[in-house]
Amino acid sequence: MLLNKNIYSLYRYQCLLIFYGKRNKTYSVVSALSNNLNSTMKTLIDSKEYKKALNLLYEHYDISTDFTKNMAIKACTKLHDYNEGHRILQKLSPTSLNDPYIQTSLIHFYMQSHKVDKACHLFSTIVNKSNPMYAAMFKGFITNKMPEKVFDLYDKMEIEPISVTLNVLFNACARIRNDRAKTIGKRLLEKHFNYDQNDTGVFNSAIHMLMRFSDVNIAEDVFHSMKNKDIYTYGAMMKGYNDNEEYEKALNLYEKMNVKPNEIIYTLVFNSCAQLSNDRAQIIGKKLLEQMPHIYRNNNIILTSALHMLMKFGDVSHAECIFKLNRNKDIICYNAMMKGYNENQIFEKTLDLFESIRLDLNDITYTILLNACAQLLNDRAQTIGKKLLEQMPDIYRNNNIALTSALHMLMKFGDVSHAEHIFQLNREKSIVTYGTMMNGYCMNREPLKCLNIFNEIKQLNLVPDEIVFNIAIGACSQIGILSRCQTVVDQIPVHMQHQLFIQNALINMWGKSGSFVKAQQIFESVSNPNIITYNSMINVYGLNGMGSEAIELFRHVPANERDDISYICALNACSHSGLLAEARIIFNQVPTKTEKIITTMIDCLCRLFLFDEAEKLIYNYEKTNSPYVVMYMAMLSGARNHRNSQLCDKIYNRMKSLFPDEKQSLISGAVLLSNVYSSVGEYEQASDIRSYQRKELGVKVKAGMSWTEINGELVQFTAHDHSHPRSAEIFAEFDHLAVELIQHGHTFDGSWITRPINNDETIQSVLCGHSEKLAIGLNLIQRPVPSIIQVTKNLRICGDCHSVTKLIAKIRQVDIIIRDANRVHHFFQNGQCSCQDHF
Ligand SMILES: [Zn+2]
Ligand SMILES: [Zn+2]
């Protein structure tokens with residue numbers, strides 16, 4: 001305001017003078033008046049009063065000089081007013097048009113008005129081209145996004161570039177950063193750059209360019225050769241260090257700096273400290289924050305960096321304090337705070353802060369909030385997350401980062417169809433968007449859809465990255481069918497095949513699909529195995545019933561490298577192969593027995609019906625910990641295999657009182673319990689439990705599902721599934737088989753039936769409708785019958801299916817692999833299973 005008033009009084013005073021001048025009409029007075037007009041114009045332009053400057057020119061055009069008109073053109077350039085500028089241009093005399101200053105301003109004016117052709121034409125007519133003219137052309141090409149033209153013109157440049165041109169060229173090279181830019185930038189530095197000059201600005205541009213090229217050493221040489229370093233020199237160096245991830249060097253330089261830091265330096269140092277987050281960074285960062293002058297405390301840019309830094313240090317309360325004190329919070333500041341809460345895993349606070357925002361949200365806000373909701377998954381998060389999605393402006397729907405977060409959140413909510421809808425609407429899908437969708441399908445146990453997206457990626461000629469391959473491998477592990485795995489493996493580029501996390505994923509995939517041989521081959525090809533590699537291989541042995549191999553490999557892993565997962569995998573392997581003595585030895589070696597490790601040991605004991613010992617473990621655990629539902633499930637499952645209905649009842653009642661809210665576990669428990677009652681012939685008890693389960697727990701039991709691959713296509717079956725075109729043949733095949741099975745001594749055991757039998761059903765017909773049997777049946781009616789039949793089941797295989805499959809392998813002389821929720825069963829032609837009936 002003060003400045004404006006001063007200018008106005010100056011202006012009025014000068015008008016008076018001009019009026020006086022008009023009456024006197026002497027040359028010297030006119031000249032003096034022109035000078036006054038020019039200085040008023042300059043003052044107005046310096047204070048960005050461009051319109052007023054132009055009005056002043058028109059009012060006193062007759063005493064204006066080339067200098068005045070030059071300033072008027074600059075004003076038009078600033079106003080982006082092409083018409084106004086053109087009007088002034090029309091009035092220029094041929095002499096004025098030949099004035100080099102006016103010519104330079106005109107080039108600039110044309111370029112900023114996006115009239116590149118006019119600028120080029122004017123430039124070509126100029127006989128004596130100067131450095132400022134070249135600089136105006138270079139700048140113009142950058143403004144008009146024609147970076148290559150900068151270099152084309154530079155190649156034709158007829159004069160030696162001086163500071164003003166070098167400055168623009170360095171900035172152009174820094175921005176374009178391709179090979180040509182790097183060559184030209186370095187040539188300029190070698191041939192035309194004068195290290196003895198005093199123009200600090202051009203040095204700073206050179207440093208900025210070199211840092212952008214990642215030529216940190218050369219930038220340091222330029223820095224050390226400088227006689228006059230200013231605050232921007234330090235800023236360019238520190239930003240360069242940060243961009244090249246040399247944060248310690250940025251702090252070293254900050255500590256040596258002998259100039260007072262400005263806002264840029266504050267921001268840069270906070271960023272370096274945030275990235276490092278080590279002790280030194282925490283000391284420097286916090287000290288700088290204390291020293292920070294008060295004027296910066298409401299500066300959102302500095303403050304955002306400070307918040308980011310404190311959040312990275314985990315100092316949430318300090319960040320909150322600074323945030324509260326800021327009176328001009330903008331959305332970026334809120335974003336920094338919410339992102340910090342997310343990083344510190346305090347997602348509820350992210351939502352609390354969101355509810356207090358009274359500003360428009362931007363795409364980053366949406367991303368942060370959707371991520372918080374995806375992490376929380378509770379009712380509040382689901383409500384807020386879905387509401388946000390509805391409110392999200394359309395422009396963000398094609399923003400890949402916001403979109404990716406939205407997809408991820410919906411997939412975590414299990415809302416697959418909503419995610420699919422949003423995904424289809426998006427028009428510019430990136431590889432990350434596809435990856436998110438694939439991952440979401442895997443999360444929701446829809447591996448087939450995941451692989452469909454994978455195929456779509458390739459049809460679109462997008463290049464799948466390591467993450468996408470890793471997810472596809474994960475989908476194959478879920479499907480568990482060897483031929484399907486091979487199809488994906490054949491597509492993995494060679495350089496990725498040797499990446500450890502891909503190798504680890506492959507070991508897991510082959511193992512879960514029943515090929516421990518291929519898993520072993522990958523394992524042996526790994527040059528630097530980490531603990532995940534070992535754990536994966538131990539687990540593969542365990543899953544495939546190779547307990548001793550698992551233990552041997554476990555013993556091979558140095559004790560100090562073993563983690564919780566190593567113990568769990570080894571104990572699991574013992575449990576699946578009935579290796580009690582080994583399990584006890586391993587369990588006693590565990591340095592810290594976590595709840596999961598104890599649970600695995602309980603499972604191992606219960607599979608061998610050592611319930612007293614298992615109970616003792618639970619009792620000891622609960623002395624110092626709250627009860628853990630999975631331990632009881634392991635007990636219950638063992639008691640069920642033992643057909644011990646009394647023990648089952650006791651465990652289940654305890655579960656009901658200890659874990660009234662663990663609905664999913666109570667349902668599974670109820671199924672097991674009703675199962676055990678059926679198996680001992682107490683059908684009434686069994687049906688009571690089932691009706692209790694339906695009434696009290698409500699939630700549906702997970703439907704059993706099996707899939708198998710026929711002629712390269714995956715076929716999925718539910719129990720009693722008649723949807724397959726050849727289902728009549730499949731059921732007929734089982735009618736035949738049932739006779740053969742009974743001849744070989746099989747009895748269909750009603751205790752494996754977990755639901756009431758309808759009037760039109762028999763024990764045999766119910767059991768023969770199990771999904772894994774239908775999947776096997778489809779294989780058996782193929783001609784020729786496949787040499788290996790492979791089936792994957794989402795739940796545990798039942799005892800009847802297990803015995804029947806053993807017999808089918810023997811009668812039909814075919815190898816069968818069934819992967820269930822727990823392990824891989826290899827049924828051999830001699831009628832044995834690799835699990836030795838420990839299932
Ligand atoms: Zn079954
Ligand atoms: Zn088995």
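The following exercises, each with a worked solution, concern a predicted model.

Residues are numbered from 1 along each chain as its sequence is written, and chains are lettered from A and ligands numbered from 1 in the order in which they are written. Local features need pLDDT of at least 70, side-chain atom pairs count only at pLDDT 80 or more, totals for chains, interfaces and linings use all residues, and side-chain values use heavy atoms, with hydrogens and water left out.

**Exercise 1.** Identify the protein donors of the zinc ion (ligand 2) and state what arrangement they form.

Solution.
Step 1. Donors are N, O and S atoms within 2.8 Å of the metal (3.2 Å for Na, K and Ca); water is not among the atoms, so sites may look incomplete.
Step 2. Four residues supply the donors of this ion: His802 through NE2, His825 through ND1, and Cys833 and Cys835 each through SG, at 1.9 to 2.2 Å.
Step 3. Four donors count as tetrahedral if all angles lie between 85 and 135 degrees; four count as square planar and six as octahedral if opposite donors are over 155 degrees apart and all others between 65 and 115; anything else is irregular.
Step 4. The angles subtended by the four donor atoms are 103 to 114°, and therefore the arrangement is tetrahedral. For comparison, the ideal angle for four tetrahedral donors is 109.5 degrees.

**Exercise 2.** Describe how the donor residues of the zinc ion (ligand 2) are spaced in sequence, and place histidine 802 and cysteine 833 in the chain.

Solution.
Step 1. The spacing of the donor residues reads H-x22-H-x7-C-x1-C.
Step 2. Histidine 802 belongs to helix H48 (residues 799–811), while cysteine 833 lies in the segment after strand S5 (824–827); the pair is 31 residues apart and links distant parts of the chain. Helices (H or I, at least four residues) and strands (E, at least two) are DSSP runs, numbered from the N terminus.
Step 3. Buried means under 20% relative accessible area, exposed over 50%, and partly exposed in between (1.4 Å probe, protein chains only).
Step 4. Histidine 802 counts as buried because its relative accessibility is 2%. Cysteine 833, at 4%, counts as buried.

**Exercise 3.** Carry out the corresponding analysis for the zinc ion (ligand 1).

Solution.
Step 1. The protein donors are His770 (ND1), Cys798 (SG) and Cys801 (SG), which lie 2.0 to 2.2 Å from the ion.
Step 2. Along the chain these donors follow the pattern H-x27-C-x2-C.
Step 3. Histidine 770 sits in the loop between helix H46 (763–768) and H47, and cysteine 801 in helix H48, so that distant parts of the chain, 31 residues apart, are linked by this pair.
Step 4. Both histidine 770 and cysteine 801 are buried.

**Exercise 4.** Characterise the packing of helix H18 (residues 279–291) against helix H19 (residues 300–312).

Solution.
Step 1. Two packed helices are described by the angle between their axes and the distance between the axes. Axes are lines fitted to C-alpha atoms, for helices over the stretch in contact, and angles run from 0 to 180 degrees between N-to-C directions.
Step 2. The axes of H18 and H19 come within 11 Å and cross at roughly 140°.
Step 3. The contact (heavy atoms within 4.5 Å) involves Gly285, Lys286 and Leu289 of H18, together with Ala306, Met309 and Leu310 of H19.
Step 4. Aspartate 315, in the loop between H19 and helix H20 (316–325), touches Lys286 and Leu310, not counting residues up to four places away in sequence. Aspartate 315 is buried because its relative accessibility is 17%.

**Exercise 5.** Locate histidine 114 and lysine 145, and determine whether each is buried or exposed.

Solution.
Step 1. Histidine 114 is in the loop between helix H7 (100–112) and helix H8 (116–125), and has a positive phi of about 60° although it is not a glycine.
Step 2. With a relative accessible area of 53%, histidine 114 is exposed.
Step 3. Lysine 145 occupies the loop between helix H9 (131–143) and helix H10 (147–155); its phi is near 55°, a positive value in a residue other than glycine.
Step 4. Lysine 145 counts as exposed, at 72% relative accessibility.

**Exercise 6.** Find the place of proline 784 and describe the peptide bond that leads to it from arginine 783.

Solution.
Step 1. Proline 784 is in the loop between helix H47 (771–780) and strand S3 (788–793).
Step 2. The peptide bond from arginine 783 to proline 784 is cis, with omega near -5°.
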